[in-house]
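Open your viewer, switch on a cartoon view and keep the selection box handy. We will go from stop to stop, with something to pick at each one.

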Amino acid sequence: MLIGVVLVLCLASVPLAGGRLGALADVRFRAAWLAVVAIAAQILIISVTPQGGGFLHHAAHLGSYALIAAFLWVNRGIPYLWLAALGGALNLTAIIANGGVMPADPDALAAAGVHQEAGDFANSTTVAHPHLSFLGDVFAVPSSWPVSNVFSVGDVVLVVAALLALQCLCGSRLALPRFASP
């Protein structure tokens, strides 16, 4: 929910910076089904059926990243997808290093008011001895805010990539086309 709200704010910034949102209608993604299946898998394992599944949930979680990586590769000509890939790679690195789960800082979880049910699959949770914890969910939006949650450095990079891509694609004054491709 948090990233969704931030992405809506990124969209709102386009006309404020002189860009044209209508330009997004001209963007043609290749193999969009890869992203749709990946997002559906994430929603299924995190929100619809978080109970049980152990290995199956972890495999689906990691598999969704593989699908997103394939989607990013076939669409690599779109501005700033390389930066989105970097953000996803940071998250995936932390997840793989911690046995298929994003390590979350206990203080960040408490600040955000995130409560998890024992036995449910959690894509982000406290890990006893986390590896690469600095790449985990170490930041929090406080529980007093309507979209409280925890997030990682990779998430921040993903949002910055989305903001820059939108500005570039929509031709706003904030566009930085010089860095759009690696």
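Start by selecting asparagine 91, and keep in mind that you are looking at a predicted model. Show everything around the residue: Asparagine 91 touches Tyr65, Met102, Leu135, Ser152, Gly154, Asp155 and Leu158, leaving aside residues up to four places away in sequence. Asparagine 91 sits in helix α4, which covers residues 81-97. Is asparagine 91 buried or exposed? With a relative accessible area of 3%, asparagine 91 is buried, because anything under 20% counts as such.

**Across to serine 152**

One of those contacts is Ser152, so let that be the next selection, given that a contact here means heavy atoms within 4.5 Å. Serine 152 belongs to strand β4. Its relative accessibility is 0%, and serine 152 therefore counts as buried. Beyond residues up to four places away in sequence, serine 152 touches Asn91, Met102, Leu135, Gly136, Asp137 and Phe139. Now draw a distance from the serine 152 side chain to the backbone of glycine 154: a polar atom of that side chain lies 3.3 Å from the backbone nitrogen of glycine 154.

**Along strand β4**

Select residues 149-152 to get the whole of strand β4, and turn on the side chains. Which side chains point to which face? They alternate: Val150 and Ser152 point to one face and are buried, while Asn149 and Phe151 point to the other and are not.

Add residues 137-141, which make up strand β3. Strands β3 and β4 run antiparallel, and four bridges join them. To see how they line up, pick alanine 140, which stands opposite valine 150 in β4.

**A helix end beside the strands**

Next, select alanine 112, which is part of helix α5 (residues 106-112). Which residues does alanine 112 touch, not counting residues up to four places away in sequence? They are Ala140, Val141, Pro142, Ser143, Ser148, Asn149 and Val150. Put a C-alpha to C-alpha distance on alanine 112 and serine 148: they are 36 residues apart in sequence and 5.2 Å apart in space. Alanine 112 counts as buried, because its relative accessibility is 2%.

**Out to a nonpolar patch**

Switch to a surface view and colour Val138, Phe139, Val153, Val156 and Val160. These residues form a nonpolar patch on the surface, with about 320 Å² of accessible area together. Where do the patch residues come from? Strand β3 and helix α6 (153-169) each supply at least two of them. Helix α6 gives the most, with three residues. Click on phenylalanine 139, which lies in strand β3. At 36% relative accessibility, phenylalanine 139 counts as partly exposed. You have come across this residue already, since Phe139 is among the contacts of serine 152.

**Two positive phi angles**

If you have a Ramachandran panel, bring it up now. Most residues other than glycine have a negative phi. Alanine 31 has a positive value, with phi near 50 degrees. Find alanine 31 in the loop between α1 (2-16) and α2 (32-48). Its relative accessibility is 27%, so alanine 31 counts as partly exposed.

Then pick leucine 132, where phi is near 55 degrees, again a positive value in a residue other than glycine. Leucine 132 lies in the loop between β2 (124-125) and β3. This residue is partly exposed, with a relative accessible area of 35%.

**A salt bridge**

How many salt bridges does the count come to? The count comes to one. Select aspartate 26 and arginine 20 to see their side chains meet, at 4.0 Å from N to O. Aspartate 26 is exposed, with a relative accessible area of 55%.

**Last stop: glycine 100**

Finish with glycine 100, in the loop between α4 and β1 (102-103). Is glycine 100 buried or exposed? Glycine 100 counts as buried, because its relative accessibility is 3%. Not counting residues up to four places away in sequence, glycine 100 touches His58, His61 and Ile95. For a view across the model, draw a C-alpha to C-alpha line from glycine 100 to phenylalanine 29: the two are 71 residues apart in sequence and 29 Å apart in space.

Notes. Residues numbered from 1 in each chain as written. Predicted model: local features only at pLDDT ≥ 70, side-chain atom pairs only at ≥ 80, totals over all residues. Heavy atoms only, no water. Buried < 20%, exposed > 50% of the residue type's maximum accessible area, 1.4 Å probe, protein only. Pairing = 2+ DSSP bridges. Polar contact = N/O pair within 3.5 Å; in protein donor to acceptor, adjacent residues only side chain to side chain. Patch = residues over 30% accessible without salt bridge, like charges linked within 9 Å, V, L, I, M, F, W, Y side chains within 5 Å. Areas by Shrake-Rupley, 256 points an atom, 1.4 Å probe, with all protein chains shown as cover.
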